[in-house]
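Here are my notes for you on this one. Keep the viewer open and click along as you read.

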Amino acid sequence: MVFCLIVTIGFIWIWYHHIQFNDHSRQALFHLRRGELDQAIKEYTTAIKHKPKEPSAYNNLGQAYLGKAEYDKAVAAFKKALEIKPDAVEAYVNLATAY
């Protein structure tokens with residue numbers, strides 16, 4: 001009984017963070033495409049809190065910083081994406097662009 005309760009709570013916790021990540025990522029992408037870079041950065045930062053090992057979130061965060069010409073922050077975000085997923089080609093391209 002206790003085991004089932006622990007498994008259920010674990011599942012709910014994982015599901016909640018996954019849903020929250022997706023919601024904030026969609027909102028961030030919406031703002032990024034509209035050129036609302038500050039709002040996109042806020043949403044990607046929140047998404048990362050829910051799923052800190054997702055390289056695409058860092059890559060997209062870097063693109064938002066790149067759009068604001070905040071190159072140091074963009075480089076840091078792209079490097080974090082590559083740290084998580086070393087074969088992320090898009091992050092390498094974006095990193096080169098930031099330099």
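1. A quick word on naming before anything else. Helices here are DSSP runs of at least four residues, numbered from the N terminus. With that in hand, the pattern along the sequence reads α-α-α-α-α. The protein has 5 helices and 0 strands. Do keep in mind that this is a predicted model.

2. Now some totals for the whole protein. There are 99 residues, and 37% of them count as buried. The accessible surface comes to about 6500 Å², with 64% of that belonging to carbon and sulfur atoms. As for contacts with a separation of 6 or more, 41% are between residues 24 or more positions apart.

3. On to helix pairs. Two packed helices are described by the angle between their axes and the distance between the axes. Take α3 (residues 55-67) and α5 (residues 89-98): their axes come within 10 Å and cross at roughly 20°. Angles under 35 degrees count as roughly parallel, so that is the label for α3 and α5. Their crossing is left-handed.

4. Which residues of α3 and α5 meet? From α3 you have N59, Q63 and L66, and from α5 you have E90, A91, N94, T97 and A98. Sorted by class, this contact has 3 nonpolar, 4 polar and 1 charged residues.

5. Next, try α4 (71-84) against α5. The axes of α4 and α5 come within 9 Å and cross at roughly 160°. Angles over 145 degrees count as roughly antiparallel, so α4 and α5 get that description. The crossing of α4 and α5 is left-handed.

6. Where α4 and α5 meet, α4 brings Y71, V75, F78, K79, A81 and L82, while α5 brings A91, Y92, N94, L95 and A98. By class, the contact of α4 with α5 has 9 nonpolar, 1 polar and 1 charged residues.

7. Have a look at N94, which sits in helix α5. Is N94 buried or exposed? Its relative accessible area is 11%, so N94 is buried, given that buried means under 20%. Skip the neighbours within four places in sequence, and N94 is in contact with N59, Q63, L66 and F78. You have met these names already: N59, Q63 and L66 are in α3, and F78 is in α4.

8. Helix α2 (residues 37-50) deserves a visit too, and K49 lies in it. K49 has a relative accessible area of 66%, so it is exposed; the cut-off for exposed is over 50%. Try drawing a line from K49 to F21: these two are 28 residues apart along the chain, yet their C-alpha atoms are separated by 8.0 Å.

9. Q39 is another residue of helix α2. With a relative accessible area of 30%, Q39 is partly exposed. How many residues apart in sequence are Q39 and A64? They are 25 apart in sequence, and 9.4 Å apart in space from C-alpha to C-alpha.

10. Last, a backbone detail to check for yourself. A69 is in the loop between α3 and α4. What is the phi of A69? It is positive, about 60°, although A69 is not a glycine. At 43% relative accessibility, A69 counts as partly exposed.

Technical notes:
Residues numbered from 1 in each chain as written. Predicted model: local features only at pLDDT ≥ 70, side-chain atom pairs only at ≥ 80, totals over all residues. Heavy atoms only, no water. Axes fitted to C-alpha atoms, helices over the stretch in contact; angles between N-to-C directions. Helix = DSSP H or I, 4+ residues; strand = E, 2+ residues; numbered from the N terminus. Parallel < 35°, antiparallel > 145°, perpendicular 65-115°, else oblique. Left-handed = near helix turned anticlockwise from the far one by under 90°. Contact = heavy atoms within 4.5 Å. Nonpolar A, V, L, I, M, F, W, Y, C, P; charged D, E, K, R; others polar. Buried < 20%, exposed > 50% of the residue type's maximum accessible area, 1.4 Å probe, protein only. Areas by Shrake-Rupley, 256 points an atom, 1.4 Å probe, with all protein chains shown as cover.
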